[in-house]
Amino acid sequence: MSRAVFPGTFDPPTNGHLDVIARAASAFDEVIVATGVNQSKQRLFSVEDRVAMLTEIAAPYENVRVGTFDGLLVDYCRAEGASVIVKGLRSGGDYDYELQMALMNRKLSGVDTVFLPTAAENAYISSSLVKEIAKLGGPVEDFLPPAVHAKLLAAL
Ligand code: PNS
């Protein structure tokens with residue numbers, strides 16, 4: 001059985017993340033969407049809020065569940081029996097950053113990383129940009145699942 005972990009901050013989850021969830025759900029027997037508990041980054045949403053949003057948007061996919069991790073991603077993969085990490089790629093910049101982590105994670109643990117190129121219509125979406133636009137009063141409903149959009153407006 002193939003079990004994959006799709007890790008991220010998901011602050012908040014976007015249409016780009018949802019696209020990766022859907023495609024990973026088709027590619028692997030089981031997918032764990034795992035949000036990091038790391039406190040070093042400034043977050044808009046608590047880990048509980050991020051888990052709730054991810055659980056809601058992943059609900060249509062029976063083979064997807066949501067988890068949290070603290071510490072090394074490869075330790076979480078090992079604990080969950082996952083042999084693959086899934087990452088979405090939007091650009092060459094993403095690739096340069098992600099390739100280094102993928103190589104390091106494989107060296108540390110043998111866990112391999114599979115990259116899914118983002119759908120073209122999501123290539124310019126990032127959680128950070130969406131938050132910035134929303135905070136400044138701009139429209140962001142095109143970039144977020146409806147349930148997440150409502151929670152983002154409520155959080156501002
Ligand atoms: O949403 P992001 O910022 O792309 O998520 C990055 C994340 C959480 C996937 C990455 O920072 C991560 O894997 N952190 C866990 C700590 C770890 O394992 N560090 C070593 C990476 S080689």
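User: How do the residues of the lining of the largest cavity divide into nonpolar, polar and charged?
Analyst: In this predicted model, the largest cavity is lined by I85, K87, E98, M101, A102, N105, T113 and F115. Among these residues, I85, M101, A102 and F115 count as nonpolar, whereas K87 and E98 count as charged. The lining of the largest cavity therefore divides into four nonpolar, two polar and two charged residues.

User: Which element gives the largest share of the lining of the largest cavity?
Analyst: At least two lining residues each are supplied by β4 (84–89), α4 (92–109) and β5 (112–117). The residues E98, M101, A102 and N105 of the lining fall within the range of α4. With four residues, the largest share comes from α4.

User: About how much space lies in the largest cavity?
Analyst: The structure holds one cavity of 30 Å³ or more, and its lining includes I85 and F115. The space in this largest cavity is about 40 Å³.

User: In what order do the five strands of the open sheet stand?
Analyst: The pairing in this open sheet is parallel. The strands β3 (64–69) and β5 stand at the edges, each with a single partner strand, so one side of each is left without a neighbour in the sheet. Neighbouring strands are turned against each other by 30° on average, with direction ignored. Read across the sheet, the order is β3-β2-β1-β4-β5.

User: Which residue in β5 is the bridge partner of L89?
Analyst: The strands β4 and β5 pair in the parallel sense over six bridges. L89 belongs to β4, whose range is 84–89, and the partner of L89 in β5 is P117.

User: At about what angle does α4 run to β4?
Analyst: The helix α4 lies across both β4 and β5, and these two strands are paired with each other in the parallel sense. Relative to β4, the helix α4 runs at about 175°.

User: Is α2 roughly parallel or roughly antiparallel to α6?
Analyst: Helix α2 (residues 47–58) and helix α6 (residues 146–155) pack with their axes 9 Å apart and at an angle of about 155°. Because angles over 145 degrees count as roughly antiparallel, α2 is roughly antiparallel to α6.

User: Which residues of α2 and α6 make the contact between these helices?
Analyst: By class, this contact has four nonpolar, no polar and two charged residues. The charged ones are E56 of α2 and K151 of α6. In full, the contact is made by M53, E56 and I57 of α2 and by A147, V148 and K151 of α6.

User: Where is the cis peptide bond that leads to P12?
Analyst: Most peptide bonds are trans, and most residues other than glycine have a negative phi. The loop between β1 (3–8) and α1 (15–27) holds P12, and F10 lies in that loop too, with a positive phi of about 55° although it is not a glycine. The cis bond, with omega near 0°, runs from D11 to P12.

Methods. Residues numbered from 1 in each chain as written. Predicted model: local features only at pLDDT ≥ 70, side-chain atom pairs only at ≥ 80, totals over all residues. Heavy atoms only, no water. 1 Å grid on protein atoms, 1.4 Å probe; cavity = no way out; pocket = protein on both sides within 12 Å on 5 of 7 lines; lining within 4 Å. Points joined across faces, edges and corners; volume = space filled by probe spheres on them. Pairing = 2+ DSSP bridges. Axes fitted to C-alpha atoms, helices over the stretch in contact; angles between N-to-C directions. Contact = heavy atoms within 4.5 Å. Parallel < 35°, antiparallel > 145°, perpendicular 65-115°, else oblique.
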